[in-house]
Amino acid sequence: MIRSYRSKCRKIQEELEFLNNNRATILNSVKPLNEPVLDTNNVLKSSSVPSSNLTKSNVLDSGENYIFDTKQKSNIFIENPIVNQCVESTYDITNNVGTSPTTYNFKNDSERLKLNLANWAIERNFAQNTVNDLLSILKQHKCFEEIPSDCRTLLSSSSSKTKDIRVVNPGNYYHFGLKRGIENTLKRVKIEGNIKVVVGIDGLPLSKSSSSQFWPILAYLDPYKGYIFLIGLYHGHKKPADSNDFLRHFIEEAEDLVRNGIYLDNKIRTVSIHSICADAPAKSFIMKIKGHTGYFSCTRCLAEGEHVGSTCFPFKESNCRERTHEGYINKSQEKHHVGDSLSDLIRIPGFDMVKSFPLDYMHLVALGVMRKLIHFWLHKGPLTVRLPSWKIKKISTNLMFLKSAITNDFVLKPRLIQDVSHWKATELRQFLIYTGPLALKNVLNDKVYNHFMFLNIAMTILLSSNIDEKLLNYSDKLLKHFVKKFEEIYGSKYISHNVHGLLHISQDYKRYGSLDFCCCFPFENHMKI
């Protein structure tokens, strides 16, 4: 048994050399085609096929292998297992010259060779040019004439041109697929029970020199934040004109999956859209409601803003009436909506247009409230809270002193507080929860420092796991007290949409648990990919 292709070729070569060396004996053994050949070596035999009907094609179809004389039209049949399997060669009887094989007759071996080459190219991750160069060298030999000259044919790959791009005014959109993302994720992780999909939507500028931008629809399966996949991608020089047109494929696919489930591992798994994480501008665009500067922009209550230099939401002791999913559908507060249509997200079963949009603490607390407080202390706040330059330097010195104590759990080390405009959300979160209480101690006056600590303790509780009802209520009271004192210390005109949102953010803990499970941090980290 010949175990390898190389051994087979070597054996074929030996047989051909034998034929060349013994061509005289073979010629003397040739008999008329209608007479049987009795050869002790069982090398040659005659064929029952009439010579007049004997052609290259019908002999091949009959399963026989032969030597075809192009000059005398004599047909010599060789009974040899190796030659019969692999070789169709020509033999010049007149000149007694044997030629090398011109064509291989082994389709199975040829296909196997192409398959092995394709697997080799994929496993080694070679560039197309490298594989093409190898194929061109191989094709110079007659043994490899059937091998394609281009790796795209070898790999059976289609054109690299992207298809199915849909026009979404004023740009283009491509849908990668929610179902495909779920299936790919479940190949890497194991989830029992209901599959909860957490979606993130936001704009992404591509350059500083133009308005070119992406609007990706990202998602992960709760609680695996590290396995984010792309559902759809929009590109244009402006954001999509209509959110329903932008989300159309996602909504259609989500509606089907939530209603019918997804078939995996020989059973149907239930799917739900757990939440959609977005900052205030993206949320107003998706929900077709007033932006964060509008008087009726709060997504959780019916509070009406006021204009005092800018839109603000003065603190009120009595709680405003909360919004509901039914109120959104019925437009119970007309001034909250923009345009005549509602978001098509209401078609997804079980999706709540109020509670399924969590208040993202990354934008609301870190980039919103915390950065605002630091700017107040540095130079933008009332004179009663502004810090002299020596105190600002003292805070920076304290932060630099803590730099060596920051562990690898944190992505970034502390920076000078004067650079707060360039701080990332993770740095502001680090300052709020960890370094701020130490760096600000004995620098801010007691009233301002204690006010900051209300926010610190409340957010520490909400970012913890498995807290009891008592602590949750305590954090809610701290946040309400923070907003109330904010008006006294900094002025009611600075109670912006974000500061007002602190009154509602503790409600998300009841639905989602720790606020880290319903924020934009995972999606923002994935944007670079």
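Here is a short chat about aromatic pairs, salt bridges and a surface patch in this predicted model.

Me: What ground rules apply to the numbering, the confidence and the atoms used?
Reply: Residues are numbered from 1 along each chain as its sequence is written, and side-chain values use heavy atoms, with hydrogens and water left out. As the model is predicted, local features need pLDDT of at least 70 and side-chain atom pairs count only at pLDDT 80 or more, while totals for chains, interfaces and linings use all residues.

Me: How many aromatic pairs does a search of the whole structure find?
Reply: Rings of Phe, Tyr and Trp (its six-membered ring) pair if their centres lie within 6.5 Å; planes under 30 degrees apart count as stacked, over 60 as edge-to-face and the rest as tilted. Searching the whole structure that way, the count of aromatic pairs comes to 20.

Me: What kind of aromatic pair do W215 and F246 form?
Reply: Their centres are 6.4 Å apart and the angle between the planes is 80°. With over 60 degrees as the cut-off, W215 and F246 come out as edge-to-face.

Me: How many residues apart are W215 and F246?
Reply: Helices (H or I, at least four residues) and strands (E, at least two) are DSSP runs, numbered from the N terminus. W215 is in strand β11 (residues 213-221) and F246 is in helix α9 (residues 243-246). The pair links distant parts of the chain, with a separation of 31 residues.

Me: Which residues form one aromatic cluster with W215 and F246?
Reply: Both W215 and F246 are buried, where buried means under 20% relative accessible area, exposed over 50%, and partly exposed in between (1.4 Å probe, protein chains only). Joining them in the cluster are Y173, Y234 and F285.

Me: Which helices hold F431 and F452?
Reply: These two rings make a tilted pair, at 6.3 Å centre to centre and 55° between the planes. Both F431 and F452 are buried. They sit 21 residues apart, F431 in helix α15 (residues 425-439) and F452 in helix α16 (residues 446-462).

Me: Where does D516 lie, and which residue does D516 form a salt bridge with?
Reply: A salt bridge is a side-chain nitrogen of Lys or Arg within 4 Å of a carboxyl oxygen of Asp or Glu, and the closest N and O atoms here are 3.3 Å apart. D516 is buried, and so is its partner. D516 lies in the loop between α19 (507-512) and α20 (521-526), so the bridge ties together parts 87 residues apart in sequence, the partner in helix α15 being R429.

Me: Why are D476 and K480 separated by about one helical turn?
Reply: Their side chains meet in a salt bridge of 3.5 Å, N to O. D476 is buried at 19% relative accessible area, whereas K480 counts as partly exposed at 27%. The turn follows because they are four residues apart in helix α17 (residues 469-490).

Me: Is E488 buried or partly exposed?
Reply: E488 forms a salt bridge with K485, the closest N and O atoms being 3.3 Å apart. K485 has 24% relative accessibility. E488 has 45%, so the class is partly exposed.

Me: Which residues do salt bridges that share partners join into one network?
Reply: A search of the whole structure finds 10 salt bridges. Those that share partners make one network of E255, R259 and R347.
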